[in-house]
Amino acid sequence: MHKLRDAPGYSEEGLRLELERFTGKRKVYVLGLGNTDRADDGAGTIVAEALKKRFPRFSFSEQDGIEGVALDISERGEAAVVIFVDAADMGAAPGTIRVIPSNRIRDTEITTHRVAVALMRALLEKGGNTALVIGIQPTVIEFRGKLSDSVRDAIGTLTDILAEILARAD
Amino acid sequence: MKELNVEALARVEGDGGITVTLDGKKVKNVTLDVHEGPRLIEQLVRGLTPADDLNVIPRICAICTLSHRYSAIRGLEKALGIVPPEKAQLTRELMMLGENVESNSLHTFLLALPDFLGYPSAVAMLNDYGDDVKRALRLKKFGNHVMAVTSGRIVHGENPILGGFGRYPSRKELEEIKLKAHELVPDAVRDVELFASLDYPKYSEADMVFMSVNAPKKQYGFAGESILISNGKEVNVEDYRKLTNERVVSHSFAKRSLYQDKTFTVGANARLVNMGKRLDGQAADLFKQHFDERWLKNPLMNNLAQAIEMLWSLEHIPDMVDTVASLDNPPIEKPTRQNGSGTGAVEAPRGTLYHHYDIKDGLIDAADIITPTAQNLDDIEKHMKLTAERMLAEDKDDEEVRLGLEMVARAYDPCISCATHLVTLKRV
């Protein structure tokens, strides 16, 4: 079992169970965020792109125009679970994976080319969906930097867990 | 002394802040501080081939990715003696229309509008203005789609290349774009009506100088070979340094620009002041209806200008699609020389963007990139200082002053990442 770093009691199994509890038998979408030109910042995009190969209708990344995807899901009335994955500075050890509490997501965040996660989340929830954000603690976010080993490991771990969740829901 | 801070300017792209230094009610200084670290891209591309440059340059910014690519292509093609085929030129114009819709919809509705309606963010607007937020997202999605179809991807598409396109959009893709653009025009008209109905505070008003490209054939557009100045002058883009006169300041990583020792404005309001009479369709009617003296003095009018321009882009897309679809896919034009210089100037959504290149033996010897936000920074500071002075003279409290300053800064749709959050009030 992969013990997630610097997160007492937060194991790979614990994360899997938490996500299973969230998703139940509902339809699940993964929306991966982040800029792959900035090393670890692109972690969410890399996770979603990897999942897209197996689950093309349920996994989307920045390259798909993420707010358009969120808008479409919000209008489907599926009562789905939407999991955002993004690099997030949680003050934890590099590679730490956590579900981020909704009160820690800024309303006014704006990244280089899309609307705030908080807006997409609010829009989805207004449409009867449940949304949650999983953060991966980055360490290298320099322009043209190289993905760090710890975040590379975390990407692999989270991709495996989410693949299981998507396979159950598909 | 008191200092009023907006340490992290929300709802702008990149990392910046505003510091206002006060002595009693007197404003001693206002600075827009750019904290975003320099990325030294102009140095990074030295020694690269022009084709490799195009893989790096758009990474300056993911909002204006296609504007950067197009401006670089225009500069490099001139340097290398490449004359692009008509279909390439028109497809590039189509991609710029898509980027304009994508960026203007994001800025007007989701970044600027909450200030005018008294909400802290678009999230807070959702309950009362849910339909408007969704309309903005539909428009942004469509803009993204046009960008993806023309350039190959939503972000950092690589189809536009020197001498043409790696792949041209198919007739089916073009037809879908045309139908969707028609469908969204009424949404854009409603957006113009909404922004025309807003109350634009007058605190920032002062005489302004506007610069934009002069689109060819006396048409409205987003690229050209000369720059129009609202004082009636016109300057060839190769002489851009005479307009921008870049300099460094101590409080910011971004360079600054002055024209004849005065600040100037680039952006949608500048384009409409300089080329608004060239608009057609409903955009022209609405521009005539709403254009007045305020546009020449008040930077907040850039929000309405962006809404009108977004409508024009949507109305223009079907005609552009028809013309592109009527032309056969041409071969890629090759360089005719290995040494030369050239400057590209395009209108990114937030203003004029210059890319200049010197090519030596087929490789990049020097590059110079001047972004719209870098040109606007001095102008933003000028109008923020006036705003602070006038609001404090009316005994507005610190929170009101903060919001007033942020509204001015946001009106310019600044991209601080490109130029290299937000207000600090200092009292002495």
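1. Let's start with the second largest pocket in this predicted model. Which helices of chain B each supply at least two residues of its lining? They are helix 3 (65–80), helix 4 (86–117) and helix 10 (302–326). Helix 4 of chain B gives the most to this lining, with six residues.

2. Now look inside that pocket. About 570 Å³ of space lies in the second largest pocket. It is lined by 23 residues, and the closest to its centre are B:Leu90, B:Glu93, B:Pro216, B:Gln219 and B:Met320. If you want a place to begin on screen, try these five names. The idea behind such a search is simple: rolling a probe the size of a water molecule over the atoms shows where empty space is left.

3. Next, please turn to helix 5 of chain B, which runs over residues 122–151. How far does this helix span between its end C-alpha atoms? The distance is only 29 Å, whereas a straight helix of 30 residues would span 44 Å at 1.5 Å a residue. Follow helix 5 along its path and you will also meet a bend of about 115° at B:Tyr129.

4. The two ends of helix 5 deserve a look too. What caps the N-terminal end? B:Ser121 does, with a side-chain oxygen 3.3 Å from the backbone nitrogen of B:Val123. After the other end comes B:Gly152, whose phi is positive, near 110°.

5. A word on confidence in chain B: its mean pLDDT is 90, and 90% of its residues reach 70 or more. Residues 417–425 of chain B, however, have a pLDDT below 50. In the model, that stretch has 65 contacts beyond near neighbours in sequence.

6. For chain A, the mean pLDDT is 85, and 86% of the residues reach 70 or more. Where does the pLDDT of chain A lie below 50? It does so over residues 1–9, a stretch with 25 contacts in the model beyond near neighbours in sequence.

7. Finally, the complex: the predictor gives an ipTM of 0.82 and a pTM of 0.89.

How values were computed. Residues numbered from 1 in each chain as written. Chains lettered and ligands numbered in written order. Predicted model: local features only at pLDDT ≥ 70, side-chain atom pairs only at ≥ 80, totals over all residues. Heavy atoms only, no water. Helix = DSSP H or I, 4+ residues; strand = E, 2+ residues; numbered from the N terminus. Expected span 1.5 Å × (residues − 1). Bend = angle between axes of the 7 residues up to and from the residue. Polar contact = N/O pair within 3.5 Å; in protein donor to acceptor, adjacent residues only side chain to side chain. pLDDT = per-residue confidence, 0-100. Contact = heavy atoms within 4.5 Å. 1 Å grid on protein atoms, 1.4 Å probe; cavity = no way out; pocket = protein on both sides within 12 Å on 5 of 7 lines; lining within 4 Å. Points joined across faces, edges and corners; volume = space filled by probe spheres on them.
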